[in-house]
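I opened this notebook to keep track of what I looked up, entry by entry. The overall build comes before the details.

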Amino acid sequence: MKYSNTIKSTIAGAALALMASAAGAQSNDPIKLTIHDWTGQYVTTHIMGEVLKRAGFNIEYVQADYIAQFAGLETGDLHVAMEMWETTGKDAMDASLKTGKTIDLGETGMGAKEEWWYPLYMKEKCPGLPDWKALNACAEVFSTPETAPKGRYLGGPVTWGGFDDERAEALGLDYEVVHAGTDAALFAELESAYQRKAPVLLWIYAPHWAVAKYEGEWVEFPEYTADCYNDAAWGINKEMKYDCGKPFGWIKKVGWKGGEAKWPGAYKAIRNFKVDNKEMGDMISAIDLDGKKLDDVVDGWMKANESRWQAWIK
Amino acid sequence: MSSTATSFEKPAERSTNWWMIWGIALALVLICYLIKDTIPWAFKYPRSWTIPLRFWISDFMKWLMDGLDFGLFTFRELTRAIAWVIEQPYWVAKSLLASGFLNGRGSAAIEIFPRLPWVAVIGIVMLIGWKAGGRKLALLAGGCFLYLAVFGQWDSAMTTLSSIVISVPFGVMGGLLLGIAAFRSPRFNAALTPILDLMQTVPVFAYLVPILILFGFGPVSAMIATIIYAMPPMVRITILGLQQVPEEITEFGRMVGSSPRQLLWKVQLPAAKQTLMLGVNQVVMLSLNMVIIASMIGAGGLGFDVLNALRRLKIGEGIEAGVAITLLAIALDRLSQALAKKPAPTSEAFQGTHRNNPLKAYPYLSAAIALIIVTWALGAFFPAIQIYPESWEITTGTFWGDMVKWININFFDQLDAFKNFLLLNVMIPFKRFLLGLPWIGVVILIAIAGAQLGGWRLAVLGALLAIFIAIVGLWPKAMITVYLCGLSVVIACMIGIPIGIAAARNERLHGIVQVVIDTLQTLPSFVYLMPVVMLFRVGDFAAMLAVIVYALTPIIRYTDHGIRNVPQHLIEAATATGCTKRQMLWKVQMPLALPEIMLGLNQTIMMALSMLVITALVGTRDLGQEVYIALTKADIGRGLVAGMAIAFIAIIADRLIGAWSKRRKLELGLE
């Protein structure tokens, strides 16, 4: 995939670098932003990268694994990761912050929504939805020969946590929780079921292209509160925790600590970076569903939001 | 993994009554079941007996990475220096093939000289093909590279190629030097063998995190992981090749008064050249197998495209990038094989005639240089020569995705019924059976098998390795691993052995089968993993299918090879005594080929085990998952311990089958 016309961007970058030096800027070593393997993260990272370039910084995008990247962020081989999700990356992030070699660069403004989800056509077969109390009556509908008579719920990879096994038990749901190994497997199953209009109940998160591509709804569980996760007495089940839905999670930016001194202006801009779920969802759909090019979409955002990002780099 | 590398003492005396010993052992296991309630520890390894090895390893690695100081420099500075050495040639290769020569880094870099034009790269590949194997090879290699350009894979493919062309020489040189050292010193050889086994069987995911910390983030770490994984066959083949150099040649070298150094470099190594080139070939293939995993830690290139496409369920894009890896592998494989077969030119005679004219002395090199200069110059005026124009690219579009969709809509119910039958009647009962076995009983049975096949040393080795798995608390996960791999291997054999037999008896089929298994071996498994999940849902069945497809190759190849290699005089003798075709197969060819087929089985088991980490991505609950969880939690000790458990299962299987095959060959008089 080509994200940039090398020559054009390098010349532009050089020119800007000159301008920046006039503005009393900092180290001209490239700031390495990590890119992972989902579209939303490309978009946030490339927006940030473009903004930093306009501010005169030298940028390099480096492909890195979402979790394995912490090794690089701690040693300074990598510098900034734009999307660390509370729901999936909190453990690794906390462990890394504890070493004192990385720093929390604040929230991105996006919230990670994740919950049990079903395609809209399932509403006919299970009329009580989206209320979670309807789930048990439909357990048979959602079952497969392996799980029958219990229903089958496809959860995220075990590494994501999420307490779904506990939730099913605490709420007395007649469902077996099956864990997918990766989110690719998760969406492969959804795509397959959706093509056949077959029953499926699974973990979906947003912002993500799936929410735009497939029509469906989230199951409505008792609303999450911190007490629900910490205090067994809370909620419907007086003896167990997790008798509620999942929390909204933050999505944060993380950086190598040494970068603060090296590129203070850039780190300030990264801290200022804020977008919301809606605009992110639209950009992801434009790329993954309408087949637009990433560069064009990012460019469009830059043009439409000039005053916003100008404020970040002030 | 070669089982001949370890030598066992003579197999136990034939007079030992093995029937009785097996009977007693099985009775013991049965008794375990009867008194299950009084000895629960024999079934479920008590948690309090486990050794916290993973924490010790984590602490040790932490000290290694942060604490170890040699005075002048730290351990990490040493590894970073190594990384720097590897990085330099990589940047040259990458500039030449992929990025162009840049001044500066990052977005501020300015291109000072463009990369090799795609026309030139294809031309050079064809010239190499022509020189090594004639016109046919030139067209094949050129065609493979043309695909990369036409299907829009060029940029990624050149990034991948530049890391391959650098990591392969490092792997080959490292393997050669270790092999020579092991050839000269039996003691070093003995120490090296288990390390090589571990390098080949511990999944890369298990040591990815320490590598990233020690060697830095990016292509160099990926290359080091590739080198670790791809080097062992080179070491083994170097040892083997040097051992096979005929004694007369070495003698002759000594007689003319060579020093030991001259003897090695001027006599023995050249004599072993053909065998050594097979090692090079193996390094190339294994390096390409690593492309996907390497891309997870910053190597980029085609592996990244495959992962990225499948995460968005763009099956067609994934297949196109996956096929690009396969074609790259086939081109490099055929070129290196042709170079291996080509006899070294008698250089004096050759250069003697053209000494004064370099154009004639080196026609291919001259043509390549001319091609580069011309295309570079023309490329400045006609960009289409420099960079393949995007508008000329073609794609299969949604064809593959639509095909999977069509199968899904029309055949899902049938496939599902088949899956459920197998799952409910075979897979789940077998899994329950294995999980119900007392670990102590399994250890005893392994020991007896070892004693019978290879003597008491093998018995002790097998038992110790099995006990290790119990001690670190991974027994249940290891049993799920055995269940998943065991079933996959059995099914792979049921499919593969008949295909191998058929291919051995029919030349045309042989040709077709070769192409198919070459493709299966190099096509990244991720490409078919996602369609499999779409058709069979997340679960053990999907994982098993993926393992079977991947592990099928060696059993077909070795069966084919084994039957073809039955000595001709035995076939003739059988024909003379009036064997029918069927008798010939079952009474002559199969028994004689069996040791070879068993080695194929051995390789199949290795492949199945190495696939585990990938199947963890669809959600299995075995040791592969344990390694994967450890990776996502950056838990070094946990990953390495689980990785070792996988390696130990592999080693037990390898040693037992190897010992069996060796004994059988002796009995048949084949060795």
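**Entry 1, chain A overall.** I started with burial: of the 314 residues in chain A, 48% are buried. I noted that the model is a predicted one. I then looked up the secondary structure of chain A and found 14 helices and nine strands. Along its principal axes, the C-alpha trace of chain A spans about 70 × 40 × 30 Å. I also checked contacts in chain A with a separation of 6 or more, and 71% of them join residues 24 or more positions apart.

**Entry 2, domains of chain A.** I looked up the domain assignment, which gives domain 1 (6-110 + 250-312) and domain 2 (112-230) for chain A. I find their C-alpha centres 32 Å apart. Where the two touch, domain 1 of chain A puts in 15 residues and domain 2 of chain A puts in ten. On the domain 1 side, α2 (39-54), α4 and α12 (277-288) of chain A each give two or more residues. The largest share of that side, six residues, is from α12(A). I sorted the domain 1 side by class and got six nonpolar, seven polar and two charged residues.

**Entry 3, chain A against chain B.** How many residues does each chain bring to the contact? I read 52 residues from chain A and 50 residues from chain B. On the chain A side, the elements that supply at least two residues each are α1 (6-22), β2 (59-63), α3 (69-75), α4 (86-98), β6 (175-179) and α7 (183-196). Of these, α7(A) gives the most, with nine residues. By class I have 25 nonpolar, 15 polar and twelve charged residues on the side of chain A that touches chain B.

**Entry 4, a helix in chain B.** I followed helix α6 of chain B, residues 154-184, which has 31 residues. From first C-alpha to last it reaches 44 Å, close to the 45 Å expected at 1.5 Å a residue. Is α6(B) enclosed or open? I count 23 of its 31 residues as buried, so α6(B) is largely enclosed by the rest of the structure.

**Entry 5, the largest nonpolar core.** This core has 293 residues, and those touching the most other members are Leu208(B), Leu328(B), Val533(B), Val547(B) and Ala645(B). Helix α32 of chain B (residues 636-668) provides its largest share, 18 residues. Domain 1 and domain 2 of chain A each add at least three residues to this core. I picked out Leu328(B): leaving aside residues up to four places away in sequence, Leu328(B) touches Cys144(B), Ala157(B), Thr160(B), Leu161(B) and Leu288(B).

Note on methods: Residues are numbered from 1 along each chain as its sequence is written. Chains are lettered from A and ligands numbered from 1 in the order in which they are written. This is a predicted model: local features need pLDDT of at least 70, side-chain atom pairs count only at pLDDT 80 or more; totals for chains, interfaces and linings use all residues. Two residues are in contact if their C-beta atoms, placed from the backbone, lie within 7 Å. Ala, Val, Leu, Ile, Met, Phe, Trp, Tyr, Cys and Pro count as nonpolar, Asp, Glu, Lys and Arg as charged, and the others, Gly among them, as polar. A residue is buried if 20 or more other C-beta atoms lie within 10 Å of its own, exposed if 12 or fewer, and partly exposed in between; C-beta atoms are placed from the backbone. The expected span of a helix is 1.5 Å times one less than its number of residues. A nonpolar core is a set of buried Ala, Val, Leu, Ile, Met, Phe, Trp, Tyr and Cys residues joined through C-beta atoms within 7 Å. Domain bounds come from an automatic or database domain assignment.
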